Amino acid sequence: MNKTSGAGVVIVGASLAGLTTAEGLRSEGYAGPLTLVGEEDRMPYNRPPLSKQVLAGTWGIDQTTMSEADQLERLGVQHLRAHRATAVDVAARTVTVGGVAEPFEHLVAATGVTARRLLNSHGVRGIHSLRTADDALALQQDLGDAGQVAVQVAVVGAGVLGCEIASAVRSAGHHVTLIGRSAKARFGQTGGHLSAMIAELLRENGVRMRVGVDVDEIESRDADGHKTVSALRLSDGSVVPADVVVVAIGCSPAVDWLAGTGIDISDGVLCDANGVAAPNIYAVGDVARWLDPVTGEARRVEHQATAIEQAHAVARLIVTGERTAPIVPLFWSELFGNRILVHGRLDPNLPLTVLAGDPAERRFVAATILRGQPTGLVGWNMPREFRQERARLVQHVVQQPVEATEAVKGSEIVKEGMVA
Ligand SMILES: Cc1cc2nc3c(=O)[nH]c(=O)nc-3n(C[C@H](O)[C@H](O)[C@H](O)COP(=O)(O)OP(=O)(O)OC[C@H]3O[C@@H](n4cnc5c(N)ncnc54)[C@H](O)[C@@H]3O)c2cc1C
């Protein structure tokens with residue numbers, strides 16, 4: 001069934017979630033006009049390699065490209081590259097792109113998040129974020145050719161992204177200090193249970209850890225007439241010398257273009273359990289805060305697998321009207337060659353039960369278990385066993401959803417993701 005009129009589907013955000021929605025619409029049989037609006041002047045690309053292979057110097061930036069222009073053309077997608085959406089008129093069903101009001105039948109918000117910056121860092125050279133391909137290229141340039149000259153790198157934020165950046169930059173031969181506000185290296189959901197293992201892994205690979213401290217001041221020197229970072233002064237009075245600083249202190253949802261629409265954008269785009277934010281308006285990926293029908297909470301999940309599943313679910317909903325089963329978050333990461341997988345919710349208040357392998361050997365699968373059923377799983381270098389346990393967890397969650405679609409308004413706001 002195809003429910004579209006001539007205005008078609010407009011997807012704002014031409015990255016993983018936006019591109020996957022477009023592909024999903026076509027594979028579900030949608031034959032109407034499809035427009036993909038993206039503010040970056042690039043073809044859609046994959047972000048996870050930016051903090052891994054690209055930063056470690058094993059991939060060029062082109063290897064992150066997800067779709068070339070001719071592929072989008074074959075898919076019948078009009079890609080408005082380097083175009084920014086600035087406003088939406090819900091009643092008129094138009095989205096303003098480059099000053100022009102474009103009509104839509106369905107609008108999908110897939111605008112992701114933007115990296116938070118350190119206060120007082122404006123105008124100081126050598127201070128980086130890592131969210132975009134341009135960020136990665138600028139950082140690479142400051143780090144110089146990997147392996148030739150080791151520079152002092154301070155990574156601010158000991159969350160998932162900070163730990164990954166520390167791992168990749170250290171692997172490329174640089175001196176790395178990881179600075180975190182909380183007393184432990186937090187690693188997304190695993191932090192409560194595995195922070196000691198993660199800190200040990202980082203330390204034994206030569207990453208210096210400074211946790212439980214804030215950055216109080218950025219010290220700089222003059223280089224060729226430019227203010228350039230030279231050190232960070234921390235809240236305990238100590239000074240960390242730094243030629244390059246990478247800031248990984250979390251992100252803010254890119255929602256300014258939806259202001260004034262009446263949609264709740266207080267922390268991303270609030271949606272029901274099917275990604276619906278308002279009639280004919282949906283959100284997918286990092287910007288989206290879907291109701292979780294299992295917990296009754298609305299949360300954003302900054303993980304790639306969730307972005308893909310949400311995109312397919314919204315595409316199916318638009319084309320067939322079919323609603324989706326609850327999406328269970330899946331996340332993976334890599335630190336010094338160790339593959340870490342997390343599925344579901346690792347409850348910090350429950351003990352971690354080892355299901356296979358041995359944490360001492362850094363090969364194991366473990367779970368938090370409630371009333372005999374796993375709520376969350378972590379796998380460390382044991383992908384096959386992890387997959388087996390995951391299949392059990394998915395089955396459990398699908399069987400246990402609460403009917404909470406209407407609870408979206410009063411729901412507790414929980415944010416989970418790549419935040420320090
Ligand atoms: C360095 C890094 C490493 C990561 N590693 C992992 C990992 O190991 N595992 C994992 O699960 N996840 C990882 N992630 C997260 C993963 O990349 C995201 O979940 C995924 O990119 C989300 O896709 P998205 O399309 O929702 O958002 P994004 O990829 O952020 O894309 C949003 C796009 O919308 C554009 N946009 C914003 N506003 C507008 C506007 N008004 N008009 C037009 N366009 C706009 C942006 O420019 C951007 O191109 C990583 C992320 C980063 C940055």
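A polar contact here is a pair of N or O atoms within 3.5 Å. Keep that cut-off in mind as we walk through this predicted model, starting at the ligand.

By that definition, D286 is a good place to begin: one of its polar side-chain atoms lies 2.7 Å from an oxygen atom of the ligand. The side chain of R131 offers another such pair, with an N or O atom 2.7 Å from a ligand oxygen. A85 takes part through its backbone instead, where a polar atom is 3.0 Å from a nitrogen atom of the ligand. On its own the ligand has 1000 Å² of accessible area, and the protein covers 97% of it.

Now let us look at what forms that surrounding shell. Two or more residues come from each of α1 (16–27), β2 (34–38), α5 (160–171) and β23 (330–335). In total, 34 residues surround the ligand, and the closest are S15, E40, R47, K52 and R131. Sorted by class, the shell holds 15 nonpolar, 10 polar and nine charged residues.

Where does the ligand lie relative to domain 1 and domain 2? Both domain 1 (9–114 + 252–320) and domain 2 (117–249) give residues to the shell, so the ligand lies between them.

Finally, let us turn to a single residue, L80, which belongs to strand β3 (residues 77–81). Is L80 buried or exposed? Its relative accessible area is 15%, and because buried means under 20%, L80 counts as buried. Leaving aside residues up to four places away in sequence, L80 touches T35, L36, V37, G38 and V97. L80 and G13 are 67 residues apart in sequence, with their C-alpha atoms 9.9 Å apart in space.

Key. Residues are numbered from 1 along each chain as its sequence is written. This is a predicted model: local features need pLDDT of at least 70, side-chain atom pairs count only at pLDDT 80 or more; totals for chains, interfaces and linings use all residues. Side-chain values use heavy atoms; hydrogens and water are left out. A residue is near a molecule or strand if one of its heavy atoms lies within 4 Å of it. A polar contact is a pair of N or O atoms within 3.5 Å; within protein, one must be able to donate a hydrogen and the other to accept it, and residues adjacent in sequence count only if both atoms are side-chain atoms. Accessible areas come from the Shrake-Rupley method with a 1.4 Å probe; for residues, only the protein chains shown count as cover. Helices (H or I, at least four residues) and strands (E, at least two) are DSSP runs, numbered from the N terminus. Ala, Val, Leu, Ile, Met, Phe, Trp, Tyr, Cys and Pro count as nonpolar, Asp, Glu, Lys and Arg as charged, and the others, Gly among them, as polar. Domain bounds come from an automatic or database domain assignment. Buried means under 20% relative accessible area, exposed over 50%, partly exposed in between (1.4 Å probe, protein chains only). Contact means heavy atoms within 4.5 Å.
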